[in-house]
Amino acid sequence: MELVLNEISKKFKDKLAVNNFSMTLTSGVYGLLGPNGSGKTTLMRMIADVMPETEGSIKVDGVDKRTMDGEYRALLGYLPQDIGFYKNWSADKFLLYVAALKGIDKKEAKRKIDDLLEFVNLTQDRKRKIGKYSGGMKQRLGIAQALLGDPKILILDEPTAGLDPNERIRFKNLLSSISKDKIILFSTHIASDIEFIANHILIMKEGQLIDHGSVQDVLGNAKGKVWHCKIDESQLFDFENKFKVANILREEDKVLLRIISNEKPMEDAQLQEPNLEDVFLHYFNEKSNI
Ligand SMILES: Nc1ncnc2c1ncn2[C@@H]1O[C@H](COP(=O)(O)OP(=O)(O)OP(=O)(O)O)[C@@H](O)[C@H]1O
């Protein structure tokens, strides 16, 4: 399947939240990386068909979603950033409700819900009130509801928010195991999540797609720009003012800086292999929120 985003834009009064975004997605896990306010949620809401685009088109295998009606929705699973749960409902009741909204037959839904709860590791807690769930459990329930109906396009807005390291690993494995014949697009402002989970990276800044490719491709763009510099403590202030400093490590009487710079910052600076944190800093002049 091919999902084509063709020059899509979204304007809120005079704010251009998404600006002429084009991309072709085929099966795999796509990580959408950008700082707060870069337009990730707006883009995902248009793909999830909960918000119309101001300009451009979204096509599945050449067919415009506007002409597909319910057929497009049937292809979709969507986890919004601020999914609302009824606190007094159990996971079971919630998933049955979502299944009914998606028009899934009740018997089929029950079978599917059993599988999904097992898949997201919530079988033991299926009868508990959602209000008593941890953040990670709610997130996994959110993913389960998005997967109901076996969608071919899965849109997950900040699915790793509030997950602890173990839950992150489980989430990564979960996505890898279902990504074979699906297009999965998830957003985050945490660079390490992307490096860990996605096979394709889309970098968004001020509504625009500014870079995309495999992790290696994107890392390649910061190659030759990441340096280690050993300086005296007294030079730290100057260096912090002059350069983008990704990391500061104090070593006995010296300070080791990781610097992102097109030019060699000092005579004996050592070139380093870039990581995605460096790329984030290179593009956004700020660190990603780990
Ligand atoms: N309904 C709206 N009305 C007006 N402006 C909006 C609306 N929704 C989003 N915006 C603006 O559009 C820009 C992009 O917002 P968006 O929520 O898409 O970014 P984001 O990258 O998802 O950020 P975050 O990570 O904080 O969710 C922001 O400047 C935001 O204030």
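The legends below describe close-up views of a predicted model.

Residues are numbered from 1 along each chain as its sequence is written. In this predicted model, local features need pLDDT of at least 70 and side-chain atom pairs count only at pLDDT 80 or more, whereas totals for chains, interfaces and linings use all residues.

**View 1. The buried and exposed sides of helix α3 (residues 91–101).** Ala91, Leu95 and Ala99 of this helix (helices being DSSP runs of H or I, at least four residues, numbered from the N terminus) are buried, that is, 20 or more other C-beta atoms lie within 10 Å of their own, with C-beta atoms placed from the backbone. Because these residues cover an arc of only 70° around the axis, taken from the directions from the helix axis to the C-beta atoms, they lie on the same side of α3. The face turned away from that side carries Ala100 and Leu101, which are exposed (12 or fewer such atoms).

**View 2. The surroundings of α3 and alanine 144.** The cover over the buried residues of α3 includes α4 (106–119) and α5 (135–147). Leaving aside neighbours within four places in sequence, alanine 144 is in contact with Leu95, Leu116, Leu117, Val120 and Leu122, contact meaning that C-beta atoms, placed from the backbone, lie within 7 Å.

**View 3. The largest nonpolar core.** Among its 68 residues, Ala144, Ile155, Ile184, Leu185 and Leu202 touch the most other members; such a core is a set of buried Ala, Val, Leu, Ile, Met, Phe, Trp, Tyr and Cys residues joined through C-beta atoms within 7 Å. At least three residues come from each of domain 1 (3–220) and domain 2 (226–272), with bounds from an automatic or database domain assignment.

Note on methods
Helices (H or I, at least four residues) and strands (E, at least two) are DSSP runs, numbered from the N terminus. Two residues are in contact if their C-beta atoms, placed from the backbone, lie within 7 Å.
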